[in-house]
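Hi everyone, thanks for making time. Let me put the structure up on the screen, and then we can walk through it together.

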Amino acid sequence: MKARIHVTLKNGVLDPQGKAIELALGNLGFDGVNSARQGKYFELDLAETNREKALSVVEDMCKKLIANTVIENYSVELE
Amino acid sequence: MKSAVIVFPGSNCDRDMAVAIEKVTGVKPTMVWHQEYDFDPVDFIALPGGFSYGDYLRCGAMSARSHIMGEVAKRAKAGVPTLGVCNGFQVLAEAGLLPGALMRNAGLKFVCRDVSLKVVNADTRFTSGYDGGQEITVPVAHHDGNYFADSDTISALEDGGQVAFRYTEDINGSCNGIAGVTNKAGNILGMMPHPERMVDPALGGFDGIHDGRALFESVLAGIG
């Protein structure tokens, strides 16, 4: 089973890299980008075949390593 | 006073830290590799600066989960004075031993220069050798020193005397200009500036202004 994980900065956490991307897009002539936020994407190939178990394990992985929940949120999709 | 310096792959201030500790305490610290599970009893643990694990995932994230950190966490929670400088601060924050997180500098620049710090709380085991409100000059060298915590946490840190050092100017976007924080018990300090680079007279480590030496002397005085 595959797990796809998105990690994003929480609202209210300053994202200087996202801000720089937003400015660079403007410099390239892409108007109308109100804001840009940068995040991370992970793909895990899991041996687990039970969906419920897989979700619980991946959430644990996110809390313990993949995301820093002081500043980041995560979301998990299973396939 | 016996000390240990924890060494991670990519640590690059471990030798500076060891030299500083030896100069002040007169005893060579034990260098402890991150894959160890245990080390001899010590009075002081230091996590050095550097770019451990190449800053993979997040600065300090991989090191915070290395074998040795289980033992470091156990001892730090039991009250052993524990100092994390720069990457060491990031590791302590990632390990949950200190509140908050260190993010990319707000200006996106690697900041590498001497900065002026205000000693906010001189009543900790790391700062007792300074005067409260004193300004000292210590170098910084980091890309990810932007200290962040939610506003409730920041208020609690300020009210609880956990802010040890504050930048006198905004160099990296840190909340409230925080340069160094302690845990609630006051035995764990994380700071982005490098006091270990200011312990030698050749670098100005004796005049009380350019002074990182007093930090190590404070720890030594607390141990006796």
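I'll go from the overall picture of chain B to its sheet, then to two helices, one residue and the contact with chain A.

Before anything else, please keep in mind that this is a predicted model.

Let's begin with the whole of chain B. It has six helices and 11 strands. Its radius of gyration is 16 Å, close to the 17 Å that the globule rule gives for 224 residues, so chain B is as compact as a globular protein of that length. If you like box dimensions, the C-alpha trace spans about 40 × 40 × 30 Å along its principal axes. Of the 224 residues in chain B, 54% are buried. As for the contacts in chain B between residues at least 6 apart in sequence, 73% of them join residues at least 24 apart.

Now, the sheet. What is the strand order in the open sheet of nine strands in chain B? Reading across, we get β2-β1-β3-β4-β11-β10-β9-β6-β7, and the pairing is mixed. At the edges stand β2 (30-33) and β7 (135-142) of chain B; each has a single partner strand, so one side of each is left without a neighbour in the sheet. On average, neighbouring strands of this sheet are turned by 25° against each other, direction ignored.

Let's zoom in on β10(B), residues 178-182. Why is this strand described as largely enclosed by the rest of the structure? Because five of the five residues of β10(B) are buried. On one hand, β10(B) pairs with β9(B), residues 163-167, in the antiparallel sense over three bridges. On the other, β10(B) and β11(B) are also antiparallel, over three bridges. V181(B) is a handy residue to click on here: V163(B) stands opposite it, and its bridge partner in β11(B) is G190(B). The strands β10(B) and β11(B) form a hairpin with five residues between them, and G186(B) in the turn has a positive phi of about 85°.

While we are in β10(B), have a look at T182(B), which lies in this strand. Is T182(B) buried or exposed? With 26 other C-beta atoms within 10 Å, T182(B) is buried, the cut-off being 20 or more. It stands opposite L189(B) in β11(B). Leaving out residues up to four places away in sequence, T182(B) touches T124(B), Q162(B), A164(B), I188(B) and L189(B). The C-alpha atoms of T182(B) and D123(B) are separated by 11 Å, and these residues are 59 apart along the chain.

On to the helices. Helix α3(B), residues 67-77, lies across β1, β2, β3, β4 and β11 of chain B and runs at about 135° to β3(B). Helix α4(B) lies across β3, β4 and β11 of chain B, at about 120° to β4(B). How many of the eight residues of α4(B), 87-94, are buried? Eight of the eight, so to speak, from N87(B) and G88(B) on, with F89(B) and L92(B) also among them. The elements covering these buried residues include α2, β5 and β11 of chain B. After α4(B) comes G96(B), with a positive phi near 80°.

Last stop: the contact between the chains. Chain B brings 13 residues to it and chain A brings nine. On the chain B side there are seven nonpolar, two polar and four charged residues.

That's my tour, and I'm happy to take questions!

Methods. Residues numbered from 1 in each chain as written. Chains lettered and ligands numbered in written order. Predicted model: local features only at pLDDT ≥ 70, side-chain atom pairs only at ≥ 80, totals over all residues. Contact = placed C-beta atoms within 7 Å. Nonpolar A, V, L, I, M, F, W, Y, C, P; charged D, E, K, R; others polar. Buried ≥ 20, exposed ≤ 12 C-beta atoms within 10 Å, placed from the backbone. Helix = DSSP H or I, 4+ residues; strand = E, 2+ residues; numbered from the N terminus. Pairing = 2+ DSSP bridges. Axes fitted to C-alpha atoms, helices over the stretch in contact; angles between N-to-C directions. Rg over C-alpha atoms; globule rule 2.2 N^0.38 Å.
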